[in-house]
Amino acid sequence: MRLAVENLSGERGGELIFSGLSFALDPGQALLVTGPNGAGKSTLLRTVAGLLPAASGNVEFSGGGETFPDVQAACHYLGHLNGMKTALTVEENLAFWRTFLGGPRLSVDDALEAVGLSEIGHLPFGYLSTGQRRRTAIARLLVSHRPVWLLDEPTSGLDHASEARFSELMRTHLADGGIIIAATHLPLGLGHARELRMGAG
Amino acid sequence: MNEKAVPRWTEIANPTRFLELAGAVLPWLSSAAVLVLAAGLYMAFAAPEDYQQGITVRIMYVHVPFAWLSMLCYTMMAGSALGTLVWRHPLADVSLKAAAPIGAVFTALALATGSIWGKPMWGTWWVWDARLTSVFVLFLMYLGIIALTRALDDPGRSARAAAILTLVGFINIPIIKFSVDWWNTLHQPASVFRLDGPTIDPSMLWPLLVCAIGFTLLFLALHLMAMRNEIWRRRVIAMRRLSARAAEIKPAEASR
Amino acid sequence: MLALYLRDVKLGLRAGSGALTGALFFLAVVAVIPFGVGPDLNLLARIGPAILWIGALLASLLGLDRLFQGDREDGSLDLLLGSRDRHMLALTVFVKCLAHWTVSVLPLVLVSPLLGLFMNVPPLGLLAASSTLLVGTPAITFIGAVGAALAVALPRGGLLVSVIILPLTVPVLIFGVAASRGAVADPDPFLPPFLILSALTLFFAVIGPAAAALALRSSSD
């Protein structure tokens with residue numbers, strides 16, 4: 001299994017944000033994308049996730065077998081938005097994504113336990129604080145299996161305890177042979193992660 | 001505020017006090033409603049038939065109370081709206097929100113029974129005359145208020161909006177009441193509440209009044225129950241929000 | 001896919017006002033017509049089915065702009081788009097349309113006989129109007145999905161969606177009204193326009209979601 005990005009350029013609104021990016025990741029490897037605001041971190045992640053067309057270059061994913069023919073099928077994309085409905089309870093939200101995304105892994109209860117939200121699974125998502133909402137979104141990564149995690153500022157709104165817990169989850173994912181690309185300006189507590197520094201312009 | 005100087009009215013304003021009071025009054029109110037309604041319906045069936053309308057006149061004993069209550073309920077809601085806007089009484093909003101669905105049901109029943117009565121009398125289920133139309137508009141207004149009170153999750157914000165809407169819509173109530181006098185309508189004019197006394201025969205007036213009292217008691221009982229539910233509902237929401245916050249604080253303390 | 005349907009239905013019901021507002025709008029539109037044309041019951045009976053159709057058309061346009069907007073605002077749309085290998089995007093749109101129709105449009109169909117009564121429409125006409133609405137309104141939702149997908153990125157897309165969609169719904173309106181008139185007016189047939197109406201719904205059930213999926217894919221930014 002290998003995720004290779006070759007000479008990738010991304011644009012947004014007709015403007016070239018970055019160009020000529022190349023990197024390759026093997027199972028167990030993580031890439032931290034750093035850089036100032038507007039450097040194109042989010043655009044890069046969205047392009048890799050297939051939500052934006054690449055201006056040039058390509059993203060290749062190999063060795064995923066039948067289940068994961070390309071990156072889009074093989075990735076979890078965690079953007080700025082949590083993708084949860086405020087009117088549904090935390091459990092209903094997660095149970096929906098578990099069924100819809102397929103490849104179920106942890107049960108909803110176990111995933112909530114892993115992010116430390118097991119007590120409030122029955123509450124509507126709208127009642128939660130910013131940090132709790134983010135942790136629910138992180139629990140989504142756990143309920144269905146994807147080898148590649150694309151994380152855009154995953155720790156925004158998290159306190160120290162939750163950040164540490166999330167680092168632990170990421171390390172477990174890498175140890176299981178997963179791949180992580182995370183855009184962040186905070187150290188994520190991943191010891192041997194590579195770093196891709198994107199400059200503005 | 002000085003505890004001693006607080007009159008009774010604000011004492012009921014305390015929701016806990018209100019819940020106790022409602023709990024004590026409700027059984028009596030409900031049983032009174034059932035008894036009076038039973039008596040009223042018995043009297044209605046014992047009353048003589050109308051020489052023109054025959055048996056169908058008995059629909060009057062439910063139709064007229066429903067129609068009266070649809071207006072009474074709205075008037076009460078307008079009072080509650082004033083309570084929300086002027087005195088900021090905490091229970092006024094609860095009262096308004098609880099009354100709206102009940103009022104809508106009574107209005108719908110008034111329309112439905114009127115329609116059933118109208119079919120044999122006028123030969124059609126519905127005509128667009130002033131009385132019927134204005135009551136239909138009242139029904140739409142009830143539904144609008146219900147939609148508005150439920151549109152927002154935050155009770156405080158929806159309260160003022162609903163109160164304003166209710167007060168604006170109150171214009172319709174005198175229109176309904178006097179529509180039969182102002183316009184030439186198919187609907188018969190008022191025969192009970194008139195300046196020159198009721199024109200309806202006492203043998204029909206008494207069952208009608210007993211039925212009306214029975215339905216009013218029923219309305220009051222339903223309204224108290226609905227208010228109680230609404231208070232409980234708000235408490236559940238508050239407690240759930242609280243527990244979400246408590247869950248946030250606990251792990252932070254544990255890790256320290 | 002069933003999970004998506006259930007989620008959307010649950011959301012529609014729990015947000016509460018959505019379905020009620022549509023039905024209320026329908027009631028209000030139909031109630032206003034007699035003030036405009038006068039309370040002549042014979043006239044109302046004749047134009048009743050048409051009024052029901054126009055009212056239902058306008059009311060079902062009402063919530064359509066929210067079809068994808070809610071999902072876009074909270075980021076769910078990205079995830080729905082992202083799982084298009086697993087679930088064909090057009091199918092996802094189709095299911096969302098069905099859920100929207102169940103929650104927002106089906107209540108309109110259910111209250112339409114009652115409103116027909118207000119219009120003094122004869123019983124057979126009521127039956128015809130309701131059944132044409134039942135068969136024809138899904139087409140409006142499917143067409144609307146295209147407009148909703150095109151306008152999803154716009155902040156004030158609501159009005160635009162209606163403007164885009166209305167011309168496209170004209171054939172549905174023509175055959176819907178023709179069929180419901182055919183049931184009561186004698187020389188006009190009922191079955192041919194009714195079958196054409198069903199065909200239109202089936203046609204748009206395919207075209208609408210496919211076009212909407214295409215629009216959604218290009219809307220992502």
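Author: A salt bridge is a side-chain nitrogen of Lys or Arg within 4 Å of a carboxyl oxygen of Asp or Glu. This is a predicted model, where local features need pLDDT (the predictor's confidence in each residue, from 0 to 100) of at least 70, side-chain atom pairs count only at pLDDT 80 or more, and totals for chains, interfaces and linings use all residues. Residues are numbered from 1 along each chain as its sequence is written, chains are lettered from A and ligands numbered from 1 in the order written, and side-chain values use heavy atoms, without hydrogens and water.

Reader: What makes B:E230 and B:K97 a salt bridge?

Author: The closest N and O atoms are 3.3 Å apart. The cut-off is within 4 Å, so the pair counts. B:E230 lies in helix α8 (residues 202–254) of chain B and B:K97 in helix α4 (residues 90–122) of chain B, so the pair ties together parts 133 residues apart in sequence.

Reader: How do you know that C:D74 and A:K85 form a salt bridge?

Author: Their closest N and O atoms are 3.0 Å apart. The pair crosses between chains, from a loop of chain C to a loop of chain A.

Reader: Why is C:D74 called buried?

Author: Its relative accessibility is 15%. Buried means under 20% relative accessible area, exposed over 50%, partly exposed in between (1.4 Å probe, protein chains only). A:K85 has 8%, so A:K85 is buried too.

Reader: Why is A:E168 called partly exposed?

Author: Its relative accessible area is 43%, which falls between the two cut-offs. A:E168 forms a salt bridge with A:R171, at 3.2 Å between the closest N and O atoms. A:R171, at 37%, also counts as partly exposed.

Key
Helix = DSSP H or I, 4+ residues; strand = E, 2+ residues; numbered from the N terminus.
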